[in-house]
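Visitor: I'd like to learn how to read a few features off a model. Could you walk me through them?

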Amino acid sequence: MGIGASAGGLEALQEFFEAMPTDNEFAFVVIVHLDPNHVSLLPDLLQKHTSIKVTQITDGMQVEPNKIYVIPPNKSLSILNKKLYLSKLESPRFSHLPIDIFFRSLAQDQGDKAVGIILSGTGSDGSLGLTEIKAANGLVIVQDESSAQYNGMPKNAINTGSADYILPPDKIPAQLVRYARFLDTINDRPILQQENIDGFLQKIFFLIHNQTGHDFSMYKRNTICRRIERRMQLRQITNMADYVVFLQKDEQEIEILANELFIGVTSFFRDPEAYNILQHRILPTFLDKKPNNYTLRVWVPGCSTGEEAYSIAIIIQECLDTIEHHINVQIFGTDINEQAIEKARRGLYLSGIEHVDISPERLKRFFVKEDNNYRIKKSIREMVVFAPQNIINDPPFTKLDIISCRNLLIYFRSELQRKVLQTFHYSLKEDGIMFLGPSETTGQSDHFFSVLDKKWKIFHRINVVDAIPRSFRLLEPAHPVISDDVKMPNVIQKAEELSIMQLVEAILRHSSVPPLRYC
């Protein structure tokens, strides 16, 4: 488990290890913000409060159970195959985010065995890393704000929505022990080996659909089961039948489970090389062929909290800087998760993006610093309209030039993948581009697309006769139907202050009508 702390963290760490039983099987990796110019006294200070052996990390050190490993000053830490690797902080950009760096590494290396803990500290270091641990089905624990000497790090971590438990430092060890013991119990009989698993899954799908309107029955079975198993672990329930009964009695648990099934793993410029290929090898020729004042239409389905949509907007803007004629840009970001869409609309992101995801040049040009956050600048924000949409059931956007749908199809069963890819083919113009994630392919729909870049899954639409999906619900041409609760005069009254894209989004935000009716 990784434990991150900063200002006020020493006291919290001491309380944590004083309460931790000495006969445990945990390996603790402590990452704190240290003065790079002084020898760290932290190992000695912690050793006074525990009989568990505390050691300062050296490069290549093998992680062993029931030991505490402490990061040395002026180092970045990562883990691979249970070995700890140190690297010098060559750039000051990384000096304030050692927790995020390690947590991301921990999530990749340990997956559902990873535990991330955030204790007292200022700023937001660790928050982005916790989302990676949560996405990998790991456990996330945050110190409650009232017990923290400095609550900045705990507050930002809690605001990500990733925390499984929020506790004072001295209460965390007991929860960890209970969780570990329960894991030993449930691992002897994983839910995939339990009887009537399909019947219980159908009941769970029904409960979620009945309460939220979302249908997860076409998601990959193993993915769904891992998420359900994780919730059962947190609720200390060993049997699927008992968990179904628990869901029937607890509507809040249904909401929590549905939110975890959304799997909103995202970041700016995820797989930077892929974006680099799209920007420098694919888009220049593609855009150069468009006439003056052409309107480029882009759809980013499954956009989550907006990072992918804004990344696409940024590289398009950088491409437009290099051509002589003018092109208008309309980007539509959609997602089934309305909470994620609201975050995308705000365009406000933790300061951690400056150290991991965004170059200094892009940060300066396309973002504005607000306290411990960065906000997307107006020039990029106005290129994107966000709206909730169910890619499975709702009508799609049409006459599109580009579709960017990265790392969504991997969660769908093959039959649903075929349906979605057929939808993308229908939505794209004849020369349209499709941008998928590195683990995704066109599969049995390869006759719809030709490959532009095999490694980074960039495709070109092929014109195929009679490729219109049969499942589409045809919409008759009509004016937008606005629900009764929409106060249109308020929207219209300020129309002169809004761009066209902002006005469209204002209407979408107050309407249940599918996006196709507007765009």
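**Aromatic rings, a sheet and a lone arginine**

Guide: Let's start with Phe 268, which is buried, with a relative accessible area of 1%. Buried means under 20% relative accessible area, exposed over 50% and partly exposed in between, using a 1.4 Å probe and protein chains only. Keep in mind that this is a predicted model, where local features need pLDDT of at least 70 and side-chain atom pairs count only at pLDDT 80 or more, while totals for chains, interfaces and linings use all residues. Residues are numbered from 1 along each chain as its sequence is written, and side-chain values use heavy atoms, leaving out hydrogens and water.

Visitor: How many aromatic pairs are there?

Guide: A pair of aromatic rings is described by the distance of the centres and the angle of the planes. Rings of Phe, Tyr and Trp (its six-membered ring) pair if their centres lie within 6.5 Å; planes under 30 degrees apart are stacked, over 60 edge-to-face, and the rest tilted. By this rule the count is 18. One of them is Phe 268 with Tyr 349, edge-to-face at 4.9 Å centre to centre and 80 degrees between the planes. Phe 268 sits in the loop between α10 (251–261) and α11 (272–288) and Tyr 349 in strand β13, so the pair ties together parts 81 residues apart in sequence. Tyr 349 is buried too, at 6% relative accessible area. Both rings belong to one aromatic cluster with Tyr 310, Phe 367 and Phe 386.

Visitor: What is the strand order of the sheet with β13 in it?

Guide: Strands of a sheet pair through backbone hydrogen bonds, either parallel or antiparallel. Here an open sheet of three strands runs β13-β15-β14, with antiparallel pairing. Its edge strands, β13 (348–350) and β14 (367–370), each pair on one side only. The twist averages 35 degrees from one strand to the next, with axes fitted as lines to C-alpha atoms (for helices over the stretch in contact) and angles running from 0 to 180 degrees between N-to-C directions. Strands are DSSP runs of E, at least two residues, and helices runs of H or I, at least four, numbered from the N terminus; two strands pair if DSSP finds at least two bridges between them. Three bridges join β13 to β15 (residues 373–376), and Leu 348 has Arg 375 as its bridge partner in β15.

Visitor: Which side chain of opposite charge is nearest to Arg 227?

Guide: That's Glu 260, 4.9 Å away; Arg 227 is buried yet has no salt bridge. A salt bridge needs a side-chain nitrogen of Lys or Arg within 4 Å of a carboxyl oxygen of Asp or Glu. Lys and Arg count as positive, Asp and Glu as negative, with His and the chain ends not counted. Arg 227 is found in helix α8 (residues 221–235).
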